[in-house]
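Biologist: Please take a close look at one part of this model, the part around a single buried residue and the helices next to it. I would like one connected account.

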Amino acid sequence: LLMQPVPLPVLPAGAFPNLHLPNIPTVPPSDADIVAANEFLVGTKRLRTTSGGHVVTDAEYASAEEYFHKLMDQRVAAIAAPPWFAVGLANALAPIQASQAQIQASLAQIHAKLANAHATRITDALTPLPNAAGVLPAAAGIVFPATRGTLDNFTLAECGALLGHYGVPAVGYVANQRNIIRLYCNIPEPAFS
């Protein structure tokens, strides 16, 4: 992208010995160009303020301000990041992005556990929890109980597979493993009616 020189601002009408129009700026603008544009803007503002707005018109003041900001925009656009910056930034962001994935997986678990807390009847639907890596049981080919009643009919193999998916030890007989799943997934005891 080729930068064009910024056109000079409008000089307020009249003779003002302390207000000088800046020189034509370089492309990209130099430090001296930025300083001169700022001095012109400050001088224009001072004239406008001291005269009560009668000497410098709105258009003349806007021209000085626009000139300064256009030069600053060109200056910022011309400053390139050093070659190491992208690599350094990627290295700095990697642990943050990894943490973000873990946080999102934890939030998904929390949402599922909150939903499961309302499953008080054996016919209430259950919400599958992702494991610590954010993987749902179905994505790993593991069955998650659709309802509280389904959990009551889980086999020892199904319990072991689901607990293994969550990294929870499958201890005891099938009734004990169902209870571990119930506790881990925040499924309440069934209500008796």
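Modeller: The residue to begin with is Asn116, which is buried, with a relative accessibility of 0%. The model is a predicted one, and what follows should be read in that light. Asn116 belongs to helix 3, which covers residues 84–116. Leaving out residues up to four places away in sequence, Asn116 touches Leu126, Thr127, Leu129 and Phe144, and also Cys185, Asn186, Ile187 and Pro188. Pro128 is twelve residues from Asn116 along the chain, and the C-alpha atoms of the two are separated by 8.6 Å.

Two of the residues touched by Asn116 are Asn186 and Ile187. Asn186 lies in the segment after helix 6. Its phi is positive, near 60°, in a residue other than glycine, and this value comes just after helix 6. Asn186 is partly exposed, at a relative accessible area of 33%.

Ile187 is also placed in the segment after helix 6, but Ile187 is buried, with a relative accessible area of 2%. Apart from neighbours within four places in sequence, Ile187 is in contact with Asn116, Ala119, Leu126, Arg148, Leu151 and Arg182. Leu126 is thus listed for Ile187 and for Asn116. A further link between these parts of the chain is the pair Ile187 and Ala115: they are 72 residues apart in sequence, with 8.9 Å between their C-alpha atoms.

Arg182, a contact of Ile187, leads back into helix 6. The buried residues of that helix are Gln177, Ile181 and Arg182. Viewed down the axis of helix 6, they fall within an arc of 145°, so they line one face of the helix. On the other side of helix 6, Ala175 and Leu183 are exposed. The cover over the buried residues of helix 6 includes helix 4 and helix 5.

Helix 5 runs over residues 156–166, and its buried residues are Cys159, Leu162, Leu163, His165 and Tyr166. Down the axis of helix 5 these residues fall within an arc of 155°, so they too line one face of their helix. In general, an α-helix has 3.6 residues a turn, so residues three or four places apart point the same way. The buried residues of helix 5 pack against helix 6, residues 174–184.

The axes of helix 5 and helix 6 come within 9 Å and cross at roughly 35°. The crossing is left-handed. On the helix 5 side, the contact is made by Leu156, Cys159, Gly160, Leu162, Leu163 and Tyr166; helix 6 contributes Val174, Gln177, Arg178, Ile180, Ile181 and Tyr184. By class, this contact has nine nonpolar residues, two polar and one charged. Gln177 and Ile181 of helix 6 take part in the contact and are among the buried residues of that helix. In helix 5, Cys159, Leu162, Leu163 and Tyr166 are likewise buried and part of the contact. Just after helix 5 comes Gly167, with a positive phi of about 75°.

His165, another of the buried residues of helix 5, gives a link to the loop between helix 3 and helix 4, where Gly141 is found. Gly141 is exposed, at 67% relative accessibility. Gly141 and His165 are 24 residues apart in sequence, and their C-alpha atoms are 10.0 Å apart. Helix 4, on the other side of that loop, covers residues 148–152. Arg148 and Leu151 are both in contact with Ile187, and helix 4 is part of what covers the buried residues of helix 6.

To return to the start: Asn116, at 0% relative accessibility, counts as buried, and its contacts include Cys185, Asn186, Ile187 and Pro188. Ile187, in the segment after helix 6, is in contact with Asn116 and also with Arg182, and Arg182 is one of the buried residues of helix 6.

How values were computed:
Residues numbered from 1 in each chain as written. Predicted model: local features only at pLDDT ≥ 70, side-chain atom pairs only at ≥ 80, totals over all residues. Heavy atoms only, no water. Buried < 20%, exposed > 50% of the residue type's maximum accessible area, 1.4 Å probe, protein only. Helix = DSSP H or I, 4+ residues; strand = E, 2+ residues; numbered from the N terminus. Arc of directions from axis to C-beta. Contact = heavy atoms within 4.5 Å. Axes fitted to C-alpha atoms, helices over the stretch in contact; angles between N-to-C directions. Left-handed = near helix turned anticlockwise from the far one by under 90°. Nonpolar A, V, L, I, M, F, W, Y, C, P; charged D, E, K, R; others polar.
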